[in-house]
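Grab the viewer and work through these exercises at your own pace. Each one sets a task and then walks through a solution.

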Amino acid sequence: MSSVLILFAHPALEKSRTNRLLLEACRSVEGVTVNDLYEEYPDFDIDVDREQQLLLDHDYILLHHPFYWYSSPAIVKQWEDLVLEHGWAYGREGRALVGKKILNVLTTGGRHEAYEEGGYNRFTMRQFLAPFDQTAYLCKMIYLPPFVVHGTHRLSEPEMHRYASQYKSLLMLLTTDQIDLEDAKTRRYLNELLVD
């Protein structure tokens, strides 16, 4: 059985219908730890030792956050800058994260079509996520495609619940080692593995 660490970051969770439902869905899955960065570090004073130990204790790391300005909320960058230290996460001596799996779990206001080459945002989601992919590569981790909920402002209640159910299913597949990593890496989004 694999363990999953969700690094959750939403600075205004009370305003997010979709992220609240996604978060609720994952709390009941055995083997999943939710680490709410804004709740844990409201002053951005990140406990590096604690965070590094959490990474060591888990097989999968999920960066769960809204897609802000084509990236992540500020605390995720702060977390990366402090926790992924040279000599620990990367560099000649930095081997702590080798072989761990990492992926983004994202919510966007924009529809799926907006994240196409030639679409409103001009680039695909995978192109926007290149810095996360490269960070994983530098740390010798396995970067997997994202799980994405597009068009959150237009989702109906049943649609939001369907995404929450898919997210829970994904977590259960990860914790029970039922994901074919080679197949998963060929997908655009991990959502493709969770067809109803």
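For burial, we call a residue buried under 20% relative accessible area, exposed over 50%, and partly exposed in between (1.4 Å probe, protein chains only). This is a predicted model: local features need pLDDT of at least 70, side-chain atom pairs count only at pLDDT 80 or more, and totals for chains, interfaces and linings use all residues. Residues are numbered from 1 along each chain as its sequence is written, and side-chain values use heavy atoms, with hydrogens and water left out.

**Exercise 1. Find the buried residues of helix α4 and work out how they are arranged.**

Step 1. Get the element names straight: helices (H or I, at least four residues) and strands (E, at least two) are DSSP runs, numbered from the N terminus. Helix α4 covers residues 74–83.

Step 2. Pick out the buried positions, which are Ile75, Val76, Trp79, Glu80 and Val83.

Step 3. Look down the helix axis. The buried residues of α4 fall within an arc of 145 degrees, so they line one face of the helix. The arc here is that of the directions from the helix axis to the C-beta atoms.

Step 4. See what that buried set packs against: β1 (4–8), α2 (37–40), α3 (48–56), β3 (60–66) and α6 (130–138). Contact means heavy atoms within 4.5 Å.

**Exercise 2. Which elements build the largest nonpolar core?**

Step 1. Define the object: a nonpolar core is a set of buried Ala, Val, Leu, Ile, Met, Phe, Trp, Tyr and Cys residues joined through side-chain atoms within 4.5 Å.

Step 2. The largest one has 34 residues, and those with the most contacts inside it are Leu55, Ile75, Trp79, Leu97 and Met125.

Step 3. Elements giving two or more residues to this core are β1, α2, α3, β3, α4, β4 (101–107), α5 (125–128) and α6. Helix α4 gives the most, with 4 residues.

Step 4. Don't stop there: a second, separate core of 30 residues includes Val149, Leu155, Met160 and Leu190.

Step 5. Zoom in on Met125. Leaving aside residues up to four places away in sequence, Met125 touches Phe67, Leu106, Thr108, Tyr115, Pro146, Val148, His150 and Tyr189.

**Exercise 3. Sort out the salt bridges around Arg50, Lys77 and Asp183.**

Step 1. Start from the principle that side chains of opposite charge can pair when their charged atoms come close. The cut-off is a side-chain nitrogen of Lys or Arg within 4 Å of a carboxyl oxygen of Asp or Glu. The structure holds 7 salt bridges.

Step 2. Take Arg50, which pairs with Glu51, the closest N and O atoms being 2.6 Å apart. Arg50 is partly exposed at 29% relative accessible area, whereas Glu51 is buried at 0%.

Step 3. Move to Lys77 and Asp81, whose side chains meet at 2.6 Å, N to O. These two are 4 residues apart in helix α4, so about one helical turn separates them. Lys77 is partly exposed at 45%, and Asp81 is partly exposed at 47%.

Step 4. Asp183 forms a salt bridge with Arg187, with 3.0 Å between the closest N and O atoms. Asp183 has a relative accessible area of 28% and Arg187 has 25%.

Step 5. Check for shared partners: Glu40, Arg50 and Glu51 are joined into one network.

**Exercise 4. Is Ala89 buried or exposed, and what does Ala89 touch?**

Step 1. Locate Ala89 in the loop between α4 and β4.

Step 2. With a relative accessible area of 0%, Ala89 is buried.

Step 3. List the contacts, not counting residues up to four places away in sequence: Leu84, Gly94, Leu97, Leu138 and Cys139.

Step 4. Compare sequence with space for one of these pairs. Ala89 and Leu138 sit 49 residues apart in sequence and 8.3 Å apart in space, C-alpha to C-alpha.

**Exercise 5. Where do Lys140 and Asp177 lie, and what is phi for Lys140 and for Asp177?**

Step 1. Lys140 is in the loop between α6 and β5 (142–143), and Asp177 is in the loop between α7 (157–175) and α8 (181–185).

Step 2. Phi of Lys140 is near 60 degrees, a positive value in a residue other than glycine. For Asp177, also not a glycine, phi is positive too, near 55 degrees.

Step 3. Add accessibility: Lys140 is partly exposed at 38%, and Asp177 is partly exposed at 43%.
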